[in-house]
Amino acid sequence: MPKNSNTKPIIFAHEGPLSGQSWALSSNTSIGRSDTCDIYIFDRQVSRKHASIQTAENSKVTITDLGSKNGVFLNGERIQGTRELKDGDTIKIALVQELIFVSSDATIPLDMHAPGKEEPSQRLYIDQNARRVWMGEDELLPPLSVQQYNLLTLLYNAGNKVVSREEIITEVWGGDAAIGVTEQALDALVRRLRGRLEKKDPTHSYITTVRGVGFLFENTDY
């Protein structure tokens with residue numbers, strides 16, 4: 001997705017107790033076991049003030065280990081002090097919580113999460129009883145293929161949570177048919193679905209790829 005002036009770097013929680021949650025990064029985002037931290041991880045292996053992520057005016061983003069007992073791991077390597085973050089980097093906090101860093105170049109606008117904003121309305125609606133998809137006041141026609149519809153419904157029902165590639169393959173292909181489904185087959189299905197949605201509504205990107213994790217469905221309007 002092209003860079004947008006309203007976008008912010010994001011941290012996505014992948015494997016761990018916070019799985020599925022995400023945070024737009026401020027100038028200083030704290031991580032730890034203290035409930036005063038911006039990213040609060042309730043686990044004894046996590047220090048009260050474990051780490052912090054800083055975003056500079058030049059868009060450089062860094063992570064600092066605040067002297068934690070069980071460490072901060074960046075792409076599998078335990079770090080000391082401060083390290084710069086790159087898009088797609090994997091962070092592990094004390095081997096308890098895995099986090100994924102997504103730079104502002106690759107993210108969707110997150111202003112919707114700011115306190116005080118009124119609730120956004122949906123751009124796309126699925127009548128799951130009738131298996132019909134509506135975009136605004138117009139129905140999406142011709143109907144989606146079975147796999148496209150199943151993928152869209154899975155992402156739609158996940159809300160603002162990332163759906164992993166493994167879960168998509170299991171749910172969309174199902175049972176024995178999911179065995180042997182390749183990454184290329186999944187990516188091709190996502191491209192076809194994106195194409196159908198963007199042809200109907202070229203003003204909005206509905207499906208965001210979260211590198212190394214899966215896909216996020218963005219379905220809000222203001």
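Helices here are DSSP runs of H or I, at least four residues long and numbered from the N terminus. That is how the names in these legends work, and the model behind every view is a predicted one.

**View 1. The whole protein, before zooming in.** We start with three helices and 19 strands. Of the 222 residues in the protein, 46% are buried. If you look at contacts with a separation of 6 or more, 47% of them join residues 24 or more positions apart. The protein exposes about 12000 Å², and carbon and sulfur atoms supply 46% of that area.

**View 2. Arg-165, a buried residue in helix α2.** Arg-165 sits in α2, the helix that covers residues 165-173. Is Arg-165 buried or exposed? Its relative accessible area is 16%, and the cut-off for buried is under 20%, so Arg-165 counts as buried. And what does Arg-165 touch, once residues up to four places away in sequence are set aside? Its partners are Glu-183, Leu-186 and Asp-187, plus Val-213, Gly-214 and Phe-215.

**View 3. Helix α2 again, now packed against α1.** Two packed helices are described by the angle between their axes and the distance between the axes. For α1 (residues 146-157) and α2, the angle is about 130° and the axes are 9 Å apart. On the α1 side, the contact is made by Gln-147, Asn-150, Leu-151, Leu-154 and Leu-155. On the α2 side, Glu-167, Ile-168, Glu-171, Val-172 and Trp-173 do the job. An angle of about 130° is neither over 145 nor within 65 to 115 degrees, so α1 and α2 are oblique to each other. The crossing of these two helices, α1 and α2, is right-handed.

**View 4. Tyr-206 and Phe-217, ring against ring.** A search of the whole structure turns up three aromatic pairs. In the pair shown here, the ring centres of Tyr-206 and Phe-217 are 5.9 Å apart and the planes meet at 25°; the limit for stacking is under 30 degrees, so the pair is stacked. The two residues are eleven apart and link distant parts of the chain: Tyr-206 comes from the loop between α3 (183-200) and β17 (207-210), while Phe-217 belongs to strand β18 (residues 214-217). Both rings' residues are tucked away: Tyr-206 counts as buried at 2% relative accessibility, and Phe-217 counts as buried at 4%.

**View 5. Stepping back to the aromatic cluster.** Which residues form one aromatic cluster? Tyr-156 joins Tyr-206 and Phe-217 in it.

Technical notes. Residues are numbered from 1 along each chain as its sequence is written. This is a predicted model: local features need pLDDT of at least 70, side-chain atom pairs count only at pLDDT 80 or more; totals for chains, interfaces and linings use all residues. Side-chain values use heavy atoms; hydrogens and water are left out. Buried means under 20% relative accessible area, exposed over 50%, partly exposed in between (1.4 Å probe, protein chains only). Contact means heavy atoms within 4.5 Å. Accessible areas come from the Shrake-Rupley method with a 1.4 Å probe; for residues, only the protein chains shown count as cover. Rings of Phe, Tyr and Trp (its six-membered ring) pair if their centres lie within 6.5 Å; planes under 30 degrees apart count as stacked, over 60 as edge-to-face and the rest as tilted. Axes are lines fitted to C-alpha atoms, for helices over the stretch in contact, and angles run from 0 to 180 degrees between N-to-C directions. Angles under 35 degrees count as roughly parallel, over 145 as roughly antiparallel, 65 to 115 as roughly perpendicular and the rest as oblique. A crossing is left-handed if the near helix is turned anticlockwise from the far one by less than a right angle, and right-handed if clockwise.
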